[in-house]
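Reader: Please take a close look at one part of this model, the packing of its helices against the strands. Set it in the context of the whole chain, and cover any unusual backbone angles along the way.

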Amino acid sequence: KNEFFDVPNELSDFMFNLLNLNNGGKEVVYNPFVKFGSLAQHDAIFEGEEIDEKAWAVAKARLCIAGIENNLTLGNPLDDYGKRYKYILSMLPYGRQGEVSLECIVSTLYEKMELGGRMVVGVPFSFLKGTDRLGIRQRLLADEALCEIYVLPEYLMKPATAVRLAVLVINKGGTNCHGYDKVRMIDFSFAKKINYEGNGAN
């Protein structure tokens, strides 16, 4: 599986729109695990880290050429410098962080959210199953933070990867969409492929 792939335009736009940014000026969006920067959009200021030097250089150049305001640094997104974010957007790694569990990654990013903040993350569909990620899933439900789950079509990331993905929408503190027992799950797995042009850095 290829850890460094471009997120398709339609998925990048879809995930960005799920953030529901305020309209009164550009917001800072924290984008950990930047990869090639394909989630970045012109309507926000992107801040984040990429641990791989080559991917970081590509993302930095790409966003600058596209005229997207950014503060992308070379570093480990799992390091906690005490800063908290209102908006977090990321396609989480599931290969190169082999020594770190996906549960740990989601937990770390959840800690980096401001109260009242919103996070939209792409994860392997397997994150929603099994007992090895039960802890963070239980916490998100107990906090009434897990808002929506979108199951993506398998073809969407091919040929870069055959891993089935889902998008989670997480609100932290007092802004839950539907309630503890009413997480909205939408299955796009049967959606047909269409040609699409987006507005991001792709």
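Author: About 9600 Å² of the protein is exposed, and carbon and sulfur atoms supply 51% of that area. The model is a predicted one. Of its 202 residues, 49% count as buried. Among contacts between residues at least 6 apart in sequence, 74% join residues at least 24 apart. The protein has 4 helices and 8 strands, and along the sequence they follow the pattern α-β-β-α-β-β-α-β-α-β-β-β.

Helix 1 spans residues 9-18, and its buried residues are Leu 11, Ser 12, Asp 13, Met 15, Phe 16 and Leu 18. An α-helix has 3.6 residues a turn, so residues three or four places apart point the same way. The buried residues of helix 1 pack against five strands: strand 2, strand 4 (85-91), strand 5 (113-124), strand 6 (146-151) and strand 7 (165-172). Just after helix 1 comes Asn 20, with a positive phi of about 55°.

One residue of strand 7 shows this packing from the other side. Val 167 lies in strand 7 and has a relative accessibility of 0%, so it counts as buried. Setting aside neighbours within four places in sequence, the contacts of Val 167 include Leu 11, Met 15 and Leu 18, which are among the buried residues of helix 1. Val 167 also touches Val 120, Val 121 and Gly 122, as well as Glu 148, Ile 149, Tyr 150 and Leu 152. Leu 152 is 15 residues from Val 167 in sequence, and their C-alpha atoms are 7.5 Å apart.

Strand 2 is also part of a local unit. Strand 2 (residues 44-50) and strand 3 (residues 70-74) run parallel and are joined by 5 bridges. In this pairing, Glu 47 stands opposite Asn 71 of strand 3. In a regular strand the side chains alternate between the two faces of the sheet. Helix 2 (residues 53-66) belongs with these two strands, and strand 2, helix 2 and strand 3 together make a right-handed β-α-β unit.

Next come helix 3 and helix 4. Two packed helices are described by the angle between their axes and the distance between the axes. The axes of helix 3 (residues 102-111) and helix 4 (residues 134-142) come within 8 Å and cross at roughly 30°. Angles under 35 degrees count as roughly parallel, and helix 3 and helix 4 are therefore roughly parallel to each other. On the helix 3 side, the contact is made by Glu 103, Val 106, Ser 107, Tyr 110 and Glu 111; helix 4 contributes Gly 135, Ile 136, Arg 139 and Leu 140.

The buried residues of helix 3 are Leu 102, Ile 105, Val 106, Thr 108, Leu 109 and Tyr 110. Their cover includes helix 4 together with strand 1 (27-30), strand 4, strand 5 and strand 7. Val 106 and Tyr 110 are thus among the buried residues of helix 3 and take part in the contact with helix 4. Strand 4, strand 5 and strand 7 appear in the cover of helix 3 and also among the strands against which helix 1 packs.

The loops remain. Most residues other than glycine have a negative phi, and most peptide bonds are trans. Lys 35, in the loop between strand 1 and strand 2, has a positive phi near 55°. Lys 35 is buried, because its relative accessible area is 4%. Ala 40 lies in the loop between strand 1 and strand 2 as well. At 1% relative accessibility, Ala 40 counts as buried. Between Ala 40 and Val 29 there are 8.9 Å in space, C-alpha to C-alpha, and the two are 11 residues apart in sequence.

Glu 144 has a positive phi near 55° and is found in the loop between helix 4 and strand 6. With a relative accessible area of 40%, Glu 144 is partly exposed, whereas Lys 35 is buried.

Key:
Residues are numbered from 1 along each chain as its sequence is written. This is a predicted model: local features need pLDDT of at least 70, side-chain atom pairs count only at pLDDT 80 or more; totals for chains, interfaces and linings use all residues. Side-chain values use heavy atoms; hydrogens and water are left out. Two strands pair if DSSP finds at least two bridges between them. A crossover is right-handed if, with the strands pointing away from the viewer, the path from the first strand over the helix to the second runs clockwise. Buried means under 20% relative accessible area, exposed over 50%, partly exposed in between (1.4 Å probe, protein chains only). Contact means heavy atoms within 4.5 Å. Accessible areas come from the Shrake-Rupley method with a 1.4 Å probe; for residues, only the protein chains shown count as cover. Axes are lines fitted to C-alpha atoms, for helices over the stretch in contact, and angles run from 0 to 180 degrees between N-to-C directions. Angles under 35 degrees count as roughly parallel, over 145 as roughly antiparallel, 65 to 115 as roughly perpendicular and the rest as oblique.
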